[in-house]
Every structure is written in C-alpha cells, then in structure tokens.
Amino acid sequence: MQHARNRIREITARRRLPLHPQVIVEDLNLFLRGWMAYFKYGHSARRFSKIGRYAEERVAHFISRKHRRSRAFGWWVFAVSSPNRLGLISPYGTVVAPRAGKPWRERPNAAGERRR
C-alpha cells in the first residue's frame, strides 16, 4: 500500500505541473491497471477503494495546484466538470474471489510454451 501511495505521489508531483492533466491520468491508469491486476486475487476490495480514493484526491489536488486555485476547484473539475472523471479508471469490481478447487492464477506454462 505504501509503495502504491508513493508511486501515485510521484506521478502527481509538483515538478509535473507543466503537463496536461490528461497525461497525468494516463500515467496513473497505467500504474493502477498493473497494480490492480497483480493484487486482484483474494480479499483486496477495501484496499483498492482506498487507493482509488487516494488517486482521486491526488488528481484533484494536482489540478488545483496547476490552476492556482482551491482544492474545491480541483474537485469540481475532476468530479463535476468532466463527465468521466478525466478518464481515471475505477478500482471497483476488479477483485476476483478465490474459489475452492480453482487456482488463483493460471499455470505459467498453460499454453505449452517452453522455458526461455
């Protein structure tokens, strides 16, 4: 969790203020997709919602700093002004519950590939 928060903080850092918010959201989506794909097995829905909320807060804060306005302005742009939250992916519904008798992950050699 701490690594994910640190990475989100790096992506939305002050030094990246000259970039457009869409670029920031695209970078966040790349990181969140990979992170959620790795941790989607098991009981991680609560953690995903925390990380998703943290990412939303950081994007809103980034927008407010970019425009030198209040945080309320950043939230308004993020949640109200843009119909799809600037394209930020949602972590909800990505958890795969473990089932009895079924492996959590596919076998690494399921397609018959040979070792490299």
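1. Glu56 comes out buried, with a relative accessibility of 10%; buried here means under 20% relative accessible area, exposed means over 50%, and partly exposed is in between, using a 1.4 Å probe on protein chains only. The residue belongs to helix H3, where helices (H or I, at least four residues) and strands (E, at least two) are DSSP runs numbered from the N terminus. Setting aside neighbours within four places in sequence, Glu56 contacts Trp75, Phe78, Arg85 and Leu88, a contact being heavy atoms within 4.5 Å.

2. A word on provenance before going on: this is a predicted model, with local features needing pLDDT of at least 70 and side-chain atom pairs counted only at pLDDT 80 or more, while totals for chains, interfaces and linings use all residues. Numbering runs from 1 along each chain as its sequence is written, and side-chain values use heavy atoms, with hydrogens and water left out.

3. Now for a partner across the sequence. Ala79 sits in helix H4 and is partly exposed, at 45% relative accessible area. Its C-alpha atom is 9.2 Å from that of Glu56, with the two positions 23 residues apart along the chain counted as their separation.

4. On the overall fold, the chain has 4 helices and 0 strands, giving the pattern α-α-α-α along the sequence. Of its 116 residues, 35% are buried. Take the contacts between residues at least 6 apart in sequence: 64% of them join residues at least 24 apart.

5. H3 passes a simple geometry check. Its 22 residues should span 32 Å at 1.5 Å a residue, and the end C-alpha atoms are 31 Å apart, so the two agree; the expected span is 1.5 Å times one less than the number of residues. Just after H3, Arg68 has a positive phi of about 50 degrees, if you fancy a look at the backbone there.

6. At the other end, Ser44 lies in the loop between helix H2 (21-38) and helix H3 (45-66). Ser44 counts as buried because its relative accessibility is 9%. Apart from neighbours within four places in sequence, Ser44 is in contact with Phe39 and Val95.

7. The largest nonpolar core has 25 residues, of which Ile8, Phe31, Leu32, Trp35, Val59 and Leu88 touch the most other members. A core in this sense is a set of buried Ala, Val, Leu, Ile, Met, Phe, Trp, Tyr and Cys residues joined through side-chain atoms within 4.5 Å. Helix H1 (2-11), H2, H3 and helix H4 (71-81) each put at least two residues into this core, and H3 gives the most, with 8. As for Val59, it touches Val25, Leu28, Phe78 and Leu86, not counting residues up to four places away in sequence.

8. Finally, the empty space. There is 1 cavity of 30 Å³ or more, and the largest has a volume of about 30 Å³. A cavity is a set of points, on a 1 Å grid over the protein atoms alone, where a 1.4 Å probe fits but cannot get out, and lining residues have an atom within 4 Å of a point. The lining of the largest cavity consists of Leu32, Met36, Phe48, Ile51, Gly52, Ile89 and Pro91. H2 and H3 each supply at least two of the lining residues, with H3 giving the most, 3 residues.

How values were computed:
1 Å grid on protein atoms, 1.4 Å probe; cavity = no way out; pocket = protein on both sides within 12 Å on 5 of 7 lines; lining within 4 Å. Points joined across faces, edges and corners; volume = space filled by probe spheres on them.
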